[in-house]
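Visitor: I would like a close look at a single part of this structure. Please take one helix packing and go through it step by step.

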Amino acid sequence: MDTGGNSLASAAPDGVKRKVCYFYDPEVGNYYYGQGHPMKPHRIRMTHALLAHYGLLQHMQVLKPFPARDRDLCRFHADDYVSFLRSITPETQQDQLRQLKRFNVGEDCPVFDGLYSFCQTYAGGSVGGAVKLNHNLCDIAVNWAGGLHHAKKCEASGFCYVNDIVLAILELLKVHERVLYVDIDIHHGDGVEEAFYTTDRVMTVSFHKFGDYFPGTGDIRDIGFSKGKYYSLNVPLDDGIDDESYHFLFKPLIGKVMEVFKPGAVILQCGADSLSGDRLGCFNLSIKGHAECVKFMRSFNVPLLLLGGGGYTIRNTGVALGIEVDDKMPQHEYYEYFGPDYTLHVAPSNMENKNSHQLLEEIRSKLLDNLSKLQHAPSVQFQERPPDTELPEIYQAEEDQDDADERWDPDSDMDVDDERKPLPSRVKREIVEAEPKELVC
């Protein structure tokens, strides 16, 4: 495998070559939230297998992420919350009921074997991608295990324990004056918005279902506060939105954001629960329509970090590379999951689109008006800027990590925890149960 991060001639209209880094840990598919839980890390392994059989891995630099450390996570999360995540196990949780309630861990966010290692893995991929972008070693970084946008400073939420997106943004802010966060998951990106609600250095844009739907936030009137006023953009949508309606909002709004905010880097959360047929979602986007958002974001030729959030994201990887992937699925170890037609495409259903053209016009007009109040991109003076994170040695995802403690600059604010005790590597392997294709997200 060539892991040199080839620059590819793009099939996209912009025609610019891209170098893509792809972060993947082979262990990520072993983590298991529990029977019946809709969050299935095993899907990331399935995505990886498909990428391999489509021949896409050979066009990317494939990297195994270094696990995020306690101090890395504490750049955003509270120390006592991180300590709790590190120590809690299925065997000890009954002795810590007060702590479970305090940190909102238990039901949607269950305790499972290897929980903290899982958090370290997906956060490490996102921060690692940001580091690669900061060092100009790739144009696009991909971490489909990341994108867990609901986690708060002191609590878990919506299947999310650690907010890898916030950590990645903080890393990007070391180099870039302004960072844009765009969220196309069906759920509002509340954890990220909350973290940067009062700053003009980060703009958050979330397209989501709104109204009696988790997490219940993301009103169009929520625009940021203080210096962050008008730097939060919420696009509230109703059931059944299709590709045409979605792009009617996405393209002009994001185009205007790029024009007025002028970000130095962009993070795009590509949660696939906005696709038609998702078991938790109620949108009606096709995979092609979803990927069109990635394609549009890529066309600006700004350093781009692509994150997951759930679901299968094969076509989005192809878009990042500028390669069109065949709809007919190649034979691979998870081929039977995609029956009976064994294609990548998820056809939109005939569900009603409750987003009238008048409603869409009103939303677009209101948000473009908000953006017009941003006279120019804010200028930031870097004073007491955090030291750069030292770039770890590059190694392939299939190789073992020999000495992760060497990855950070000793003078960095993200150095290692020398006194940290090793965690037991005891991970329950998920029982793979085939899902009906219409429920696959």
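Guide: What follows starts with the whole chain, goes on to one pair of helices and one residue in it, and ends with a second pair.

The model is a predicted one. Its chain holds 11 helices and nine strands. Of the 441 residues in the chain, 60% are buried. The chain exposes about 18,200 Å², and 47% of that area is supplied by carbon and sulfur atoms. Taking contacts between residues at least 6 apart in sequence, 79% join residues at least 24 apart.

The part to look at is the packing of helix α5, residues 115–134, with helix α6, residues 164–172. Their axes are 8 Å apart, and the angle between them is about 20 degrees. Angles under 35 degrees count as roughly parallel, and α5 and α6 are therefore roughly parallel to each other. The crossing in which α5 passes α6 is right-handed.

Next come the residues that touch. From α5, the contact takes in Tyr122, Ala123, Ser126, Val127, Ala130, Val131, Leu133 and Asn134. From α6, the residues they meet are Asp164, Leu167, Ala168, Glu171 and Leu172. Sorted by class, this contact of α5 with α6 has nine nonpolar residues, two polar ones and two charged ones.

One residue of this contact can be followed further. Serine 126 lies in helix α5. Buried means under 20% relative accessible area; serine 126 has 0% relative accessibility, so it counts as buried. What does serine 126 touch, leaving aside its neighbours within four places in sequence? Serine 126 is in contact with Asp164 and Ala168, two residues that belong to the α6 part of the helix contact. The other contacts of serine 126 are with Asn143, Gly146, Leu305 and Leu307.

A second pair of helices can be set beside this one. Helix α8, residues 243–261, and helix α9, residues 287–298, have axes that come within 10 Å and cross at roughly 15 degrees. That makes α8 roughly parallel to α9. Here too the crossing is right-handed, with α8 passing α9. On the α8 side, the residues are Asp243, Tyr246, His247, Phe250, Lys251, Ile254, Gly255 and Met258. On the α9 side, they are Gly289, Glu292, Cys293, Phe296 and Met297. The contact of α8 with α9 divides into seven nonpolar, three polar and three charged residues.

How values were computed. Residues numbered from 1 in each chain as written. Predicted model: local features only at pLDDT ≥ 70, side-chain atom pairs only at ≥ 80, totals over all residues. Heavy atoms only, no water. Axes fitted to C-alpha atoms, helices over the stretch in contact; angles between N-to-C directions. Helix = DSSP H or I, 4+ residues; strand = E, 2+ residues; numbered from the N terminus. Parallel < 35°, antiparallel > 145°, perpendicular 65-115°, else oblique. Left-handed = near helix turned anticlockwise from the far one by under 90°. Contact = heavy atoms within 4.5 Å. Nonpolar A, V, L, I, M, F, W, Y, C, P; charged D, E, K, R; others polar. Buried < 20%, exposed > 50% of the residue type's maximum accessible area, 1.4 Å probe, protein only. Areas by Shrake-Rupley, 256 points an atom, 1.4 Å probe, with all protein chains shown as cover.
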